[in-house]
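Reader: I'm new to this one and would like to walk through it with you. Can you put it up first?
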Amino acid sequence: MDLNYTDEQKAFRDDVRAFLEAKLPKRLSDKVAGGKRLTKADYEEWHAILNEKGWLGVTWPKEHGGTGWDAVERHIFEEETTAAHAPRIVPFGLNMLGPVLMKFGSDAQKAHYLPRILNGDDWWCQGYSEPGAGSDLASVKTTAVRDGDHYIVNGQKTWTTLGQHANMIFCLVRTSKEGKRQEGISFLLIDMDIPGVEVRPIVLLDGEAEVNEVWFNDVKVPVENLVGEENKGWTYAKYLLTHERTNIAGVGFANAGLAALKRIAGLENDGDRKLIDNPFFAAKIAQVEIDLMAMATTNLRTIAAAAAGQAPGAESSMLKVKGTLIRQEINALTRQAAGPYAMPFVSEALDEGSNEGPVGPDYAMPATQAYFNNRKLSIYGGSNEVQRQIVSKMILEL
Amino acid sequence: MNFTLTEERQMLQDGLRRYLRDTVTPDLLEDATESASGHSETLWQGLAEMGVIGALFSEEDGGFGGAGFDIALTFEEMGRAGAFEPLLETGILAGGLIAALGSDEQKARIEAIIGGDILTYAHAEPGSRYDLSRVTTRAAKSGEGWTLTGLKSVVPHAPAATHAVVSARTSGAVADRDGLSLFLVPLDVTGLSARDYTVNGGGRAAELSLVDVDLPADALIGPEGGAFDAIETAHARATCAVCAEALGLMESIRALTTEYLQTRKQFGQPIGKFQALQHRMADVLIEIEQARSAVINLAGHLEADRTIRERHVSAAKNLIGRVGKLVVEESIQMHGGIGMTREYALAHLAKRLMMIDHRFGDADYHLERFIRLAAA
Ligand SMILES: Cc1cc2nc3c(=O)[nH]c(=O)nc-3n(C[C@H](O)[C@H](O)[C@H](O)COP(=O)(O)OP(=O)(O)OC[C@H]3O[C@@H](n4cnc5c(N)ncnc54)[C@H](O)[C@@H]3O)c2cc1C
């Protein structure tokens, strides 16, 4: 047993640090650290910087222009970029669709779409969930009916993250009502500029329009946009979900959040002391830190197994549940630390260069925003209840 | 032992519940927050006409209530409706302090307050967090009157109010209990400026800056330097109010969540049929009953001796803080994505409930205080 990185891994980490030092624009890391609103252009700028270095396709093999990194290297990259407050890599094209196309896509699809994901020509969003199909994803109702060289698509997707920026959406659509529900689903790529596609924003608890409804009204999609075989979409969707769940523990985010929490608790007055010297609050910080230390190792154990060629199974469900609970607890403590200044809400202050400054300390409003926004962590990507169900079924065999 | 309300109180509760149910719509709340004053003139006038403000004052002060249970029932109903009118600031804090300490001339104002005049209360300061005696705003004698200088933070409903009861130090060091005085300050007075903004959970508040604000001698409310006990009592009553409001919010959230569990279907059945959710909802219910008892404890001891009263203040606020967080987080989680959307009624109620932990001391603050009070 050796808990340390090898010399090669340390050298790799130094490379990543040096790169971030040189190439991560301070403008962007300031926005991320300050909880400011990121624009589409901000994400695109960071993607382009990574792509230039060949580091955008973090999970991709070299033959498709990816890094070819193993699980440990990917972990190191994640750890370092979150610690440096880099914008997150928008996952839909890179971590979700990319791997599906590599495994199940046609040669033409790979040749067309993969480079466009890397160079930013396409912004993808994920069209899985529907109003009636959340945890029970197999009940998707959006239909795609074959009509000559096209599918005619009708229905509604919802919770489509950053769909307002996207020009492409990958969807689970119903192509058959026969047999088992899972066996009538297909995986279809849809150009959102085609007539009949409508995107409507949904405002979340924190006041931000981060997700959308996407409506399809007689949308004509060419048949070559079908991925793999008709009615086999469920298999591809499940394959994608295992990729969605890499990095699911969010240890990097938790570490960054914990550091911010300690900094804030060190600044907040609490009577004659600082909040961090309040034994009750210090105990809470310590508790979550202890959990996180163990969680980081649980995560590394899974990563080591993955690097050794073991496909992550129900372990990722474990990581999702514990990882999100830890992140949400850090968010709750940070909100609590902000004290009375957790209350003011000045939306404009989240925009870069706004004349409206924050009310109270600059960390206060983002703390409340992050607390409410990150309630989503235990809901999306398979809710924590669904994950517990998987753990009890697959690991405990109950 | 008797846990039923008196007939008068029951009537008030029933009437208020009906009125708020019919009046408070999502549109009304949205418009209130968007408006410059940050509240609803219609709702406020309606409350005044129903006598709801009067219920917060004793008979000798011109009202017809003012006891712990009057406060609790009123604010529970406000919470149930998710309403955010300047009732706490006007009736309990500013109004309550004028009633407790004011001269006869100052108390003459109470009639207008009961009729709908809006006041606010400016005590907390940028670095004071929840520390009741930490006041750096200074009031110095100047000629016949007073000159105030300092900053006051997160003053709720300042945009709607004409006056604020402002605390200032007339003597003593920064956290001394002695040396605190209260002043009635018109919000349009020279030297006072406000930056106002919306708050999470609805309504508006402001940062107040006072620079050499000149006030007449009769602006002083109560004894010079001797306001601390009255401030502490007012905060005890305010804590009772927000705890009861939290309870009302919890009840509405529970109703909404239960209904959702019964109607939302996944895997061919209502999600409320999943035992994993049943047990969690049962825990939510059990904890809300604890919250109700904590509010009753506090309301029933609000007129007791200080040591007993304050123990209940901290016990109730600690418990409400903990249960509030549980109710907020569990209700959002059990709703799934819908629970994250601002359009859905839960969003407003949940945010308002969570923000109550940021007023008058959070759960941890009161846990430590409870221990200290027990040791004393
Ligand atoms: C911010 C955000 C972003 C999202 N982004 C996307 C996106 O980009 N693309 C996309 O396709 N989807 C996205 N989603 C949707 C997300 O995947 C769903 O919200 C999620 O699958 C849960 O579905 P639901 O919201 O319909 O809740 P429901 O499935 O209705 O669940 C409601 C509650 O019931 C529980 N529950 C359900 N079934 C069971 C069971 N069998 N046992 C016990 N408990 C159960 C759930 O855990 C939850 O607590 C996003 C959601 C959010 C909130």
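Author: Here it is, and note that this is a predicted model. A good place to begin is the ligand: a nitrogen atom of the ligand lies 2.8 Å from a polar side-chain atom of S129(A).

Reader: Which polar backbone atom is 2.7 Å from a nitrogen atom of the ligand?
Author: That one belongs to W159(A).

Reader: And what lies 3.5 Å from an oxygen atom of the ligand?
Author: A polar side-chain atom of Q266(B) does.

Reader: Where does the ligand lie, then?
Author: Between chains A and B. There are 30 residues around the ligand, and those that come nearest are S135(A), T161(A), S383(A), E385(A) and Q333(B).

Reader: New topic: empty space. How many cavities of 30 Å³ or more does a search of the whole structure find?
Author: The search finds 3. The largest cavity has a volume of about 280 Å³. Its lining has 24 residues, and F84(B), E89(B), H157(B), R352(B) and R359(B) are the closest to its centre.

Reader: Which elements give two or more residues to that lining?
Author: In chain B, they are α4, α5 (87-101), β3 (145-156), β7 (204-215), α8 and α11. By class, the lining of the largest cavity comes out as 14 nonpolar, 4 polar and 6 charged residues.

Reader: What about the second largest cavity, how much space lies in there?
Author: About 80 Å³. Residues from chain A line it, including D270(A), L275(A) and Q336(A), and so do residues from chain B, among them R129(B), Y130(B) and E368(B). Helix α12 (residues 363-375) of chain B gives the largest share of this lining, 3 residues. The classes here are 4 nonpolar, 2 polar and 5 charged.

Reader: And pockets? What volume does the second largest pocket have?
Author: About 1000 Å³. It is lined by 37 residues, of which P26(B), L29(B), E30(B), R342(B) and H348(B) are the closest to its centre.

Reader: Which element supplies the largest share of that lining?
Author: α2(B), with 6 residues. Elements of chain B that each supply at least two residues include α1 (7-23), α4 (68-81), β6 (192-199) and α11 (345-356). Sorted by class, this lining has 15 nonpolar, 10 polar and 12 charged residues.

Reader: Back to chain A. Is helix α11 (residues 364-373) mostly covered or mostly open?
Author: Mostly covered, with 9 of its 10 residues buried. Among the buried ones are M365(A), T368(A), Y371(A) and F372(A).

Reader: What do the buried residues of α11(A) pack against?
Author: In chain A, α10 (315-337) and β11 (344-345); in chain B, α10 (306-335) and α11.

Reader: One last residue, E125(B). Where is its place?
Author: In the loop between β1 (119-122) and β2 (138-142) of chain B.

Reader: Why does E125(B) count as buried?
Author: Because its relative accessibility is 5%, and buried means under 20%.

Reader: What does E125(B) touch, leaving out residues up to four places away in sequence?
Author: R134(B), V135(B), T136(B), T137(B), L151(B), K152(B) and S153(B). With T137(B) there is also a polar contact of 2.8 Å between the side chains.

Reader: How far apart in space are E125(B) and L5(B)?
Author: They are 38 Å apart, C-alpha to C-alpha, and 120 residues apart in sequence.

Conventions:
Residues are numbered from 1 along each chain as its sequence is written. Chains are lettered from A and ligands numbered from 1 in the order in which they are written. This is a predicted model: local features need pLDDT of at least 70, side-chain atom pairs count only at pLDDT 80 or more; totals for chains, interfaces and linings use all residues. Side-chain values use heavy atoms; hydrogens and water are left out. On a 1 Å grid over the protein atoms alone, a cavity is a set of points where a 1.4 Å probe fits but cannot get out, and a pocket is an open set with protein on both sides within 12 Å along at least five of seven lines; lining residues have an atom within 4 Å of a point. Grid points are joined across faces, edges and corners, and a volume is the space filled by probe spheres set on the points. Helices (H or I, at least four residues) and strands (E, at least two) are DSSP runs, numbered from the N terminus. Ala, Val, Leu, Ile, Met, Phe, Trp, Tyr, Cys and Pro count as nonpolar, Asp, Glu, Lys and Arg as charged, and the others, Gly among them, as polar. Buried means under 20% relative accessible area, exposed over 50%, partly exposed in between (1.4 Å probe, protein chains only). Contact means heavy atoms within 4.5 Å. A residue is near a molecule or strand if one of its heavy atoms lies within 4 Å of it. A polar contact is a pair of N or O atoms within 3.5 Å; within protein, one must be able to donate a hydrogen and the other to accept it, and residues adjacent in sequence count only if both atoms are side-chain atoms.
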